[in-house]
Each structure stands twice: as C-alpha cells, then as structure tokens.
Amino acid sequence: MPKSPPKPDLRLIPGDAEIYDLMRTPETTTERVKRLQLEARALAVEQVEALERVLLEASRMAREIAEGGDAYPVGAREIAGRLSSDLPARAETLKAIVSRAL
C-alpha cells in the first residue's frame, strides 16, 4: 500500500499577529526600540499571568494540606491554611496591577 503524503500543517494566524513584510524598508533604531519595548511588556504580562495561575494552584494545594487532617504536621497545616487564604488575594492584586498597566 503506497504511503500517503503527510498532511500540510495548516495553522490560523490571529488577525492581530504581526507579520514581517520582507519588502518594506528596514526599521529605524527608534522603531526597533519601540517594537522591542512592546514585546518586552507583552512577555512581562504573560509571565505575571503565569504567576497568577501558579499562585492559585498553590492555594488549592495549600487548602488540601490545611484540610488534610492528622496526616500532616500541625505547623504545616497552619501555614498551609494561611497560604490558602492569602494567595488568592495576592493573585487578584497582580491581576489588577496588570490590567491597569495595559
């Protein structure tokens, strides 16, 4: 049986995606600096959003430990209990800071 050719990799590009036009003139240093600053800000926002997700996951895990009963040492349960209530508020604060910065 002959082997069929591989299917092409068809990906949609979002409408706001920036595609570099090879026919345009090279960007100036100022344009490049502005573009790189925008990229750096976008990456920073992505990283803060990732931190928010990690904090919420840590809060969920801390709640499990806090409610885990005698299987966990008393001190660990107490710290986990405080973290489970504190981390979501910290994540919300980060979310508010990022939304104001945009």
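The following paragraphs describe how two helices of this predicted model pack together. Local features require pLDDT of at least 70 and side-chain atom pairs count only at pLDDT 80 or more, whereas totals for chains, interfaces and linings use all residues. Residues are numbered from 1 along each chain as its sequence is written, and side-chain values use heavy atoms, with hydrogens and water left out.

Helix 1 comprises residues 29-66 and helix 2 residues 74-101; helices are DSSP runs (H or I, at least four residues) numbered from the N terminus. With 38 residues at 1.5 Å a residue, helix 1 should span 56 Å, and the 54 Å between its end C-alpha atoms agrees; the expected span is 1.5 Å times one less than the number of residues.

Two packed helices are described by the angle between their axes and the distance between the axes. Here the angle is about 155° and the axes are 8 Å apart, the axes being lines fitted to C-alpha atoms over the stretch in contact, with angles from 0 to 180 degrees between N-to-C directions. Helix 1 and helix 2 are therefore roughly antiparallel (over 145 degrees). By class, their contact has 17 nonpolar, three polar and five charged residues.

Within helix 1, Val 45, Glu 52, Leu 55, Ser 59 and Ala 62 are buried (under 20% relative accessible area, 1.4 Å probe, protein chains only). These buried residues pack against helix 2. On helix 2 lies Leu 94, which, leaving aside neighbours within four places in sequence, is in contact (heavy atoms within 4.5 Å) with Val 48, Leu 51, Glu 52 and Leu 55. The C-alpha atoms of Leu 94 and Val 48 are separated by 7.2 Å, although these residues are 46 residues apart along the chain.

Key. Angles under 35 degrees count as roughly parallel, over 145 as roughly antiparallel, 65 to 115 as roughly perpendicular and the rest as oblique. Ala, Val, Leu, Ile, Met, Phe, Trp, Tyr, Cys and Pro count as nonpolar, Asp, Glu, Lys and Arg as charged, and the others, Gly among them, as polar. Buried means under 20% relative accessible area, exposed over 50%, partly exposed in between (1.4 Å probe, protein chains only).
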